[in-house]
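Me: I am new to this structure and should be grateful for a close look at a single part of it. Please take one strand and its surroundings, and then show how they fit into the rest of the chain.

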Amino acid sequence: MNANTKPPAAAERPAKGLGKGLGKGIDREKLLLAVAAPVLALIATMVITAIVLLCSGKEPFGALRVMGTYLGYSDYQVNTLNQATTYYLGALAVAFGFRMKLFNIGVDGQYRIGAFFAAVAGGAVNLPAVLEIPMIMVVSMACAGLWAGIAGWLKVTRGVSEVITSIMLNAVAGSVIAYLLNPKRLALAVGNDVRTPKIPDSGHFFSFNLAGGQLWGFIIIAALVGIGFHLLLNRTRFGFDLRATGRSESAALASGVNVKRMVVVSMLVSGALAGLIGMPQLLNSSYQYSVDFPAGIGFTCIGIALVGRNNPVGIAFAALLFAFLDTVANPLQFNGYQVELVPVIEGTIVVCVVGTYEVVRRYGLRRQQSRVGEQLGRTGPTATDTAKGVAA
Amino acid sequence: MRRIGRFAAAVVCVGGLALATACGSTSTSSQAHKSGSSSSAGKSGKITKVGMAYDVGGRGDQSFNDSAARGLDKAKSQYGFTVSEQSAQNGETDAIREQRLEQLAAGGYNPVIAIGYTYAPALGKVAKKYPNTEFAIVDDSTVQLKNVADLMFTEQQSSYLVGMAAALTTKTNKVGFIGGVDNALIHKFDAGFTAGVHHINPKITVIKKYLSEPPDTSGYANPTGGKNTANGMLSQGADVIYSAAGSSGTGAIQAVHAAGKGKWAIGVDSDQYQQKALAADKSSILTSALKNVDSAVYLFLKSVQDGKPLSGTQRFNLTNNGVGYATSGNFLTSAVQTKLKAAEQDIISGKITVPTTP
């Protein structure tokens with residue numbers, strides 16, 4: 001396998017490894033179908049991207065070569081992991097809502113509100129690290145959670161769709177921050193930039209010093225949150241209720257689930273998770289909230305959650321893929337590709353993943369039907385054959 | 001049990017993938033290796049490769065970035081160096097910006113010019129790491145290093161003068177101001193413009209509107225928003241509209257032109273009357289508040305070429321033609337121009353101090 005096919009290979013590899021190790025215990029065909037969907041999506045993305053590149057008069061393999069080369073550089077790997085940490089937390093927040101058919105489109109505003117107030121709180125007090133860091137995280141999660149809770153509360157009391165309210169709350173969050181992030185209120189003017197006071201050293205999260213740069217220690221928190229997400233959804237009554245509500249609200253209601261309470265609680269949890277999105281950037285990198293604090297992550301994370309099928313492991317791969325594409329945007333531009341190429345690829349991935357999953361699902365369903373039909377057909381005649389034989 | 005096992009295996013896979021990343025050389029070390037030398041211009045001057053990191057919008061935004069590009073092109077035609085031009089994207093992190101600058105510095109591009117203050121934190125880090133590369137940043141003075149030139153402009157002064165021009169031209173006593181992003185930089189334009197208008201006639205209403213709130217910088221690149229906002233102001237009775245909003249301003253200028261004779265637009269940063277993309281609308285461009293990023297960029301490149309690179313805060317104002325106003329199209333009557341010239345002298349002599357915050 002040469003360098004050209006490296007990026008997709010990286011995404012496939014773990015899936016194959018998983019198949020090899022556990023092939024015996026699990027239905028092979030089911031597994032094959034599960035792997036086929038993302039692989040097909042990546043192939044489709046590559047084909048479409050290649051067509052786009054050809055249309056714009058560029059040589060498509062060159063872009064893959066650039067990606068392959070930079071995949072091997074340790075500083076790009078570190079940057080990818082750092083960015084993926086942020087994306088992973090964000091996509092989990094989105095996925096949490098998705099699992100019970102709650103479309104929390106407001107993750108973007110929630111994390112910015114959370115990160116902003118956390119930065120203000122962190123900059124205002126200087127506690128020992130064991131208190132300072134949890135305090136900052138709790139403030140962020142609480143603010144973001146409550147912000148999301150508004151949408152949940154409006155849904156259960158007034159029947160307003162959370163899609164509408166949460167996306168409108170994004171705009172409100174932007175305005176609230178713009179109002180407060182002002183030298184006259186909670187921030188300081190630094191040149192043309194406006195920033196909150198810096199968080200003292202005790203509020204700085206540790207990071208790993210690698211050859212390629214600083215790997216944010218927050219990646220460990222992200223991994224723990226991923227495991228917690230899995231356990232909460234699959235090992236607790238709450239998780240069962242949540243998934244049940246997602247599958248069928250009326251059935252959940254009939255089996256004694258308080259759906260309204262579930263909506264509010266899920267919104268709060270989804271928002272609290274969103275509160276973690278800004279934390280890697282805040283505690284591991286910028287230590288303050290400024291005008292150029294990254295925005296729009298919440299929307300990227302909706303795509304990542306879709307690509308990762310709302311599953312903590314799937315999301316990890318999707319987050320790594322998107323983070324890698326983001327970091328490789330610079331080298332691509334440096335090598336003469338348009339700056340818009342990466343957003344095009346990312347958008348194509350989302351569309352292709354959604355498309356291929358549906359295709360594969362339908363194919364699997366048909367296979368299952370025909371197999372069941374085949375088995376029925378086979379047992380039918382044999383039974384009569386023996387009956388005939390006996391009669392004869 | 002099996003479910004846990006599957007999940008655990010998957011977690012191990014992800015973890016393994018993450019751990020595997022500590023391998024490989026860094027991109028910069030292998031780049032420096034490939035290019036042989038680490039910089040193109042030493043103490044002796046003579047630029048061979050220039051790295052340009054644009055703000056969101058890049059070359060072709062008909063405004064701020066294009067102005068920088070003109071300065072680059074002028075120097076390029078004189079000194080004959082090669083250029084690598086990179087653009088920023090909305091919602092970038094500092095890490096990405098840092099990577100962009102570092103890629104240029106490590107690739108032997110010297111000098112490296114960053115357009116826009118959002119590059120400041122990233123530039124601070126990269127400039128320390130590459131002490132033999134010369135850097136310049138536009139619109140920021142927070143990075144004070146020996147190998148960094150901070151190119152600063154007094155935008156409020158030029159905005160003050162076009163504000164006077166607007167006040168002397170309006171028939172309805174209503175003028176409009178469209179700001180790209182509601183931040184400290186655009187507040188300088190706003191404050192200067194309003195002060196200039198009220199210097200002529202304090203009764204004139206200035207209708208103000210910002211297209212986006214920070215951290216959302218989309219207001220710099222939203223021509224449709226500029227057009228809609230300008231239409232809104234026109235319907236409120238404004239007949240002169242000044243937009244300090246990057247490429248969104250082109251939409252505003254088009255809207256004003258579509259409104260017909262007697263309505264005027266004021267351009268920003270570049271002399272927008274001269275821009276090809278606005279050729280159809282140029283008869284409605286009264287003047288433009290110039291921010292001569294091009295001459296600043298050119299002067300910086302010249303200083304590097306001459307072996308005496310600029311360093312520290314460099315102010316570009318009315319005194320050294322760093323800012324000003326355009327007279328293309330001759331829409332400003334001689335009476336207006338006389339008043340503007342007088343005010344210009346008063347600002348230079350310090351008789352008028354233009355506010356920087358509205």
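Reply: The account below begins with one strand of chain B and moves outward from there.

The model is a predicted one. The strand chosen is E4 of chain B, which covers residues 135-138. Phe135(B) and Ile137(B) point to one side of this strand, while Ala136(B) and Val138(B) point to the other. In a regular strand, side chains alternate between the two faces of the sheet. Here the residues on both sides of E4(B) are buried. For a residue to count as buried, 20 or more other C-beta atoms must lie within 10 Å of its own.

E4(B) has a partner in strand E3 of chain B, residues 112-115, and the two run parallel with four bridges between them. Within this pairing, Phe135(B) of E4(B) has Val112(B) opposite. The connection between these strands involves helix H5 of chain B, residues 120-129. Together, E3(B), H5(B) and E4(B) form a β-α-β unit that is right-handed.

Another pairing joins E4(B) to strand E5 of chain B, residues 148-153. This pairing is also parallel, and it has four bridges. Ala136(B) is bridged to Ala149(B) in E5(B). Thus Phe135(B) is placed opposite a residue of E3(B), and its neighbour Ala136(B) has a bridge partner in E5(B).

The approach to E3(B) contains a notable peptide bond. Between helix H4 of chain B (94-106) and E3(B) there is a loop, and Pro111(B) is found in it. The bond that leads from Asn110(B) into Pro111(B) is cis, with an omega near 5°.

A further parallel pair in chain B is made by strand E1, residues 49-56, and strand E2, residues 82-88. Six bridges connect them, and Val56(B) faces Ala88(B) of E2(B). The chain passes from E1(B) to E2(B) by way of H3(B), and this β-α-β crossover is right-handed.

Helix H3(B) also has a part in the contact between domains. Chain B is divided into domain 1, made of 35-153 + 292-323, and domain 2, made of 155-291 + 327-349. Their C-alpha centres are 28 Å apart. On the domain 1 side, 18 residues take part in the contact, and on the domain 2 side 22 residues do. Helix H3 (residues 64-79) of chain B gives three residues to the domain 1 side, the largest share. That side of domain 1 comprises seven nonpolar, eight polar and three charged residues.

Helix H6 of chain B, residues 155-169, comes next in this account. The 15 residues of H6(B) should span 21 Å at 1.5 Å a residue, and the distance of 21 Å between its end C-alpha atoms agrees with this. Because 14 of these 15 residues are buried, H6(B) is largely enclosed by the rest of the structure.

The loop between H6(B) and strand E6 of chain B (174-181) holds Asn173(B). Although Asn173(B) is not a glycine, its phi is positive, at about 60°. Asn173(B) is classed as partly exposed because it has 14 C-beta neighbours inside 10 Å. Another positive phi belongs to Asp269(B), also a residue other than glycine, with a value near 70°. Asp269(B) lies in strand E9 of chain B, residues 264-269. Because 28 C-beta neighbours lie inside 10 Å, Asp269(B) is classed as buried.

These details belong to a chain with eleven helices and twelve strands. Chain B has 358 residues, of which 60% are buried. Of its contacts between residues at least 6 apart in sequence, 72% link residues at least 24 apart.

Chain A may be described briefly beside it. Its secondary structure consists of 16 helices and four strands. Chain A has 392 residues, and 49% of them count as buried. Among its contacts with a separation of 6 or more, 77% are between residues 24 or more positions apart. One of its helices is H14(A), residues 312-327, with 16 residues. H14(A) reaches 22 Å from its first C-alpha to its last, close to the 22 Å expected at 1.5 Å a residue. H14(A) is mostly covered, with 16 of its 16 residues buried.

To return to the starting point, E4(B) pairs in the parallel sense with E3(B) and likewise with E5(B), and the residues named in E4(B) are buried.

Definitions and conventions: Residues are numbered from 1 along each chain as its sequence is written. Chains are lettered from A and ligands numbered from 1 in the order in which they are written. This is a predicted model: local features need pLDDT of at least 70, side-chain atom pairs count only at pLDDT 80 or more; totals for chains, interfaces and linings use all residues. A residue is buried if 20 or more other C-beta atoms lie within 10 Å of its own, exposed if 12 or fewer, and partly exposed in between; C-beta atoms are placed from the backbone. Two strands pair if DSSP finds at least two bridges between them. A crossover is right-handed if, with the strands pointing away from the viewer, the path from the first strand over the helix to the second runs clockwise. The expected span of a helix is 1.5 Å times one less than its number of residues. Domain bounds come from an automatic or database domain assignment. Two residues are in contact if their C-beta atoms, placed from the backbone, lie within 7 Å. Ala, Val, Leu, Ile, Met, Phe, Trp, Tyr, Cys and Pro count as nonpolar, Asp, Glu, Lys and Arg as charged, and the others, Gly among them, as polar.
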